[in-house]
Amino acid sequence: MAKSKGFGSNPLLMAKFLTEEVNKAWEDGSFYENVTPVTQDLLRFWFSDVFCDTRDINFHDGQKQAILNIIYLHEILKVKNVKDLYLSTDPELLQKMDIGHIEKDKFQHPMYGVKMATGTGKTWVLNAILIWQYLNAREYDSELFSKNFLLIAPGVIVYNRLLDAFLGKENEEGSRVFETSDFFKFKEVFIPEAYESIFFGFLQTAVAKKEEIGSKVTGDGLIAITNWHLLIDKEEDLEYDSPLDDPHKVFKKLLPVFPRNSEGNLLDVLDNNFLKGKALDYLASLEDIVVFNDEAHHIHEFKSKDGIKDAEWQKSLDIIAEEKKDKFIRIDFSATLYSNSTGKNKQKHYFPHVVVDFTLKEAIRQGLVKLIAIDKRKEVSSISLDFKAEREGNKVIGLSKGQKLMLRAGLSKLKILEKQFDNFEETFDGLDDKDPKMLVVCEDTSVTPFVKNFLLGEGLAEEDILEIHSKRGEISENEWGNIRQKLFNLDKYKHPKVVISVLMLREGFDVNNICVIVPLRSTESSILLEQTIGRGLRLMWREPEFHDIKLENRIRLLNEKKEPNNYFDLLSIVEHPKFIDFYNTFIEEGIVTEINDEINAGKVLGDMINVPLRDDYENFDFYWPAIISEREEFLTRKELSFDKMDSFQTPLKDLQLIRGEKGEIFESQELTVHTRFGRYRIISDLFDANSYNEFLARLINHITKMLQPIKRTQKEFPIIQINHDELARVIDDYIRIKLFDEPFNPMVDENWRILFMGNESIVNHIVLQITKVLYNMQHDVNVKEAEIKKYYFSNVPKLRMRENYSLDVSKSIYEKLPYPSNKGGFEKRFIESVDRDSNVDSFIKINEYYHNFANIMYIREDGLLARYFPDFLVKINEKIYVVETKSDKDMSTINVQSKRVSTLNFLDNLNQISQDKDLETKWEYVLLGENTFDSMYNNGASIEEILNFAIVTSDLARGFATLDSFK
């Protein structure tokens with residue numbers, strides 16, 4: 001019998017080829033042209049710069065690639081099975097694979113494997129694919145899409161994580177709070193505003209926990225969440241002639257286990273045993289379904305005395321898929337989608353349906369997970385020690401010297417990190433969740449008590465240690481509930497400091513603060529090792545001010561092959577001799593580095609420092625002015641009018657000629673930010689007053705949402721209150737009277753279609769006109785009634801910065817000021833020069849992360865409101881200069897002009913109010929190019945002369961698009 005070729009690394013080659021093809025299609029626009037309008041809406045919202053630029057968080061490259069690859073295969077190529085996957089991408093690879101294996105029934109439906117490194121957000125990809133499937137299935141009757149979903153977890157840890165993501169975390173009363181769910185917390189990333197109510201309505205009614213599958217009544221579809229154990233098929237019946245021949249079989253069939261107090265035989269567990277067959281039968285009866293397998297490396301084949309067999313998990317999937325054919329869609333997620341061959345020449349065989357490969361190496365290089373360092377100690381390599389627990393027969397009687405050495409090494413590192421991080425946190429608000437933790441992975445449960453006792457002997461307290469048993473049956477349900485609360489909230493509290501586990505935490509243990517791992521467990525499995533490392537990969541220091549120092553560390557470790565100069569987001573693994581080969585492979589691949597010397601306190605924080613206010617800061621303090629009114633203004637019919645709104649440039653008669661014939665299908669485009677108006681069939685009955693009102697409501701919701709202030713309270717900063725009914729009337733009047741400079745009725749002759757035509761953005765034009773009117777009204781200040789609210793920079797008592805990229809200064813409220821580590825030479829020279837100039841009274845560099853109040857609102861070209869943060873404030877005598885030193889070459893002309901005009905309008909209002917209130921300060925706006933500064937300063941000009949030369953007037957702001965003219 002010929003030996004099977006297996007799959008080897010061929011699936012990764014296919015995934016690489018696929019990724020290149022997908023990216024080509026994405027770049028040339030053919031991807032976008034060949035998907036449904038709903039998919040277009042989602043892709044625009046998820047990945048377009050127009051939306052991404054307005055969010056603080058977005059899908060990263062690996063997540064984006066996974067989403068695009070799946071949509072491309074399923075919606076554009078419409079692959080039917082795994083063999084079709086290769087035939088549609090790189091057919092030649094099939095010659096190198098076991099093609100007979102791919103012909104098995106389990107591969108005869110659409111299957112997509114997502115291989116992404118631990119900690120890189122696989123669940124976000126799952127969420128996006130679910131949204132894509134549901135919204136398309138709701139809109140189109142196609143076998144490509146389904147409204148039924150099954151999420152399968154490998155165990156209770158991952159199961160609870162999925163419930164948290166979909167239903168929200170449990171509060172103290174045990175109720176789940178939807179506002180804490182991933183979908184709600186990150187709705188600005190996942191769901192376009194126009195779909196929000198639709199999808200949330202589905203989500204909040206469709207989720208069925210494992211005990212509810214088949215019994216809970218859901219509305220428009222199903223989201224079933226379970227662990228795979230619930231889906232194990234009922235045991236096969238053995239033939240027997242009479243119940244009297246084997247009464248035990250009959251009794252076992254009726255009552256598989258006796259109710260007792262031990263875990264597994266509790267009454268609720270017996271209920272679950274009864275529900276196994278019921279849930280499986282129900283899922284099998286559904287017409288279509290999308291199955292998401294989390295940690296899907298468990299679904300592998302294994303050798304037994306009876307030959308090659310599938311895992312029980314796979315058998316359950318076979319039953320669910322049997323009658324569905326192409327309407328069964330399977331998507332697998334794991335960082336380790338492979339199995340290992342046995343024998344001397346071990347080889348990884350990747351699952352044949354891997355369609356994206358986002359490696360740990362790439363995740364580390366992009367800074368999405370922690371750097372990994374193997375803590376190599378001379379004692380480990382130079383002394384012959386036993387690293388297995390001491391035993392008498394099979395009974396564990398104590399820890400070996402080697403194990404104690406590893407534990408002491410880990411504990412020593414933990415204590416140093418803890419002390420340094422604590423000192424760092426004490427000087428800053430908002431850093432109270434940075435307590436480093438250590439994970440100890442034991443060889444079996446009988447070793448964990450000895451590890452705990454050893455750590456207690458080393459000075460830890462009981463509250464510092466948390467034991468996690470591998471078998472739930474060894475603890476009561478109440479005990480498990482308490483442990484689970486501590487485990488999933490590990491980042492929030494100082495205690496416990498050390499978590500001891502065997503296998504239970506190898507998956508789904510998603511905490512950020514694991515900084516040290518001590519792998520006492522020796523194993524031949526590379527999967528288990530990768531899973532162990534994965535428990536500590538999630539980022540701990542996510543704040544923006546740490547980005548530069550972490551990037552520098554990555555360059556040192558990965559490019560220059562040097563040791564780290566700080567320990568921000570660096571995972572230390574205490575070396576275990578059993579894993580030397582694995583470590584060496586990781587080191588060769590550039591995934592990890594080695595640390596050969598002892599950690600010292602000076603290296604933990606690198607050059608990150610805390611800079612406080614100087615003792616005499618009052619002499620140099622600035623305030624940022626916020627203009628407010630003494631009364632809250634309310635938009636009235638008289639004030640709100642379309643008189644100042646511009647008409648659309650293209651004549652109505654031209655638009656009517658190109659709108660198409662009646663009765664055709666018209667697919668609307670995304671013409672406004674955060675808004676989709678749907679796909680409509682052109683039948684007059686379908687577009688009635690109700691749908692037009694919905695159109696107006698979505699416009700209003702979008703516009704008024706943009707106008708809300710950021711980081712302000714309604715009480716301190718009164719703003720215009722929007723009367724939605726009045727605004728709807730004005731928008732309707734504008735569309736019917738002013739939009740095309742002639743009467744326009746959207747309800748006659750299907751004129752409404754004109755509003756959605758192509759990408760010329762008629763709707764975007766409407767949004768922009770309304771936004772301008774509201775913006776101008778909100779910023780038209782009555783100087784007689786207005787007041788200035790002063791926000792002093794000294795309200796921020798400390799700054800975090802890089803010592804190597806900061807300067808000692810004498811004329812600022814802080815002892816030092818930072819400048820950018822990348823291309824920050826101009827700002828550095830400016831700070832030095834301003835601080836030396838005897839005529840300068842004081843100055844401040846605005847840091848948008850800390851001084852978030854110091855901004856000016858402007859309208860972008862696309863109608864979005866944005867916040868502009870200048871670089872510096874400089875005070876000379878009675879003038880305060882608002883200084884911009886950056887070049888705006890990469891911004892569009894309209895956006896640059898809008899930013900500058902808004903700044904001038906703001907300062908003009910401010911100066912009028914100052915004059916009216918007899919305030920002596922005058923504010924000036926300065927655009928300072930590098931060439932201008934260097935030329936004038938080197939020729940002896942003072943800072944005041946340079947700034948006065950570069951003052952921006954209204955004409956200059958509107959006449960120049962970039963800083964080139966100011967160089």
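**Figure 1. Strand β5 and its parallel neighbours.** Strand β2 (residues 148-153) runs parallel to β5 and is joined to it by four bridges; two strands are taken to pair if DSSP finds at least two bridges between them. Within this pairing, F149 has V290 of β5 as its bridge partner. Strand β8 (residues 328-334) also pairs with β5 in the parallel sense, over six bridges, and here D332 in β8 is the bridge partner of N293. Strands (E, at least two residues) and helices (H or I, at least four) are DSSP runs, numbered from the N terminus. The model is predicted: local features need pLDDT of at least 70, side-chain atom pairs count only at pLDDT 80 or more, and totals for chains, interfaces and linings use all residues. Residues are numbered from 1 along each chain as its sequence is written, and side-chain values use heavy atoms, with hydrogens and water left out.

**Figure 2. Burial of strand β5.** Strand β5 (residues 289-294) is largely enclosed by the rest of the structure, because six of its six residues are buried. Buried means under 20% relative accessible area, exposed means over 50%, and partly exposed lies in between (1.4 Å probe, protein chains only). In a regular strand, side chains alternate between the two faces of the sheet. In β5, I289, V291 and N293 point one way, whereas V290, F292 and D294 point the other way, and all are buried.

**Figure 3. The hairpin of β13 and β14.** Strands β13 (residues 390-392) and β14 (residues 395-398) run antiparallel and are joined by three bridges. E390 has G398 in β14 as its bridge partner. Two residues lie between the strands of this hairpin, in which G393 adopts a positive phi near 70°.

**Figure 4. The second largest cavity.** Rolling a probe the size of a water molecule over the atoms shows where empty space is left. A cavity is a set of points, on a 1 Å grid over the protein atoms alone, where a 1.4 Å probe fits but cannot get out, and lining residues have an atom within 4 Å of a point. Grid points are joined across faces, edges and corners, and a volume is the space filled by probe spheres set on the points. By this rule there are nine cavities of 30 Å³ or more, and the second largest holds about 60 Å³ of space. The second largest cavity is lined by G367, V369, K370, L371, L539, K550, N553, R554, F568 and D569. Helix α22 (residues 547-559) gives the most to this lining, with three residues. The lining comprises four nonpolar, two polar and four charged residues, where Ala, Val, Leu, Ile, Met, Phe, Trp, Tyr, Cys and Pro count as nonpolar, Asp, Glu, Lys and Arg as charged, and the others, Gly among them, as polar.

**Figure 5. Two partly exposed residues, K789 and Q912.** K789 lies in strand β25 (residues 786-792) and is partly exposed, with a relative accessible area of 30%. The C-alpha atoms of K789 and Y623 are separated by 9.0 Å, although these residues are 166 positions apart along the chain. Q912 belongs to helix α30 (residues 893-916) and is likewise partly exposed, at 42% relative accessibility. Q912 and K922 are 10 residues apart in sequence and 9.3 Å apart in space, C-alpha to C-alpha.

Methods:
On a 1 Å grid over the protein atoms alone, a cavity is a set of points where a 1.4 Å probe fits but cannot get out, and a pocket is an open set with protein on both sides within 12 Å along at least five of seven lines; lining residues have an atom within 4 Å of a point.
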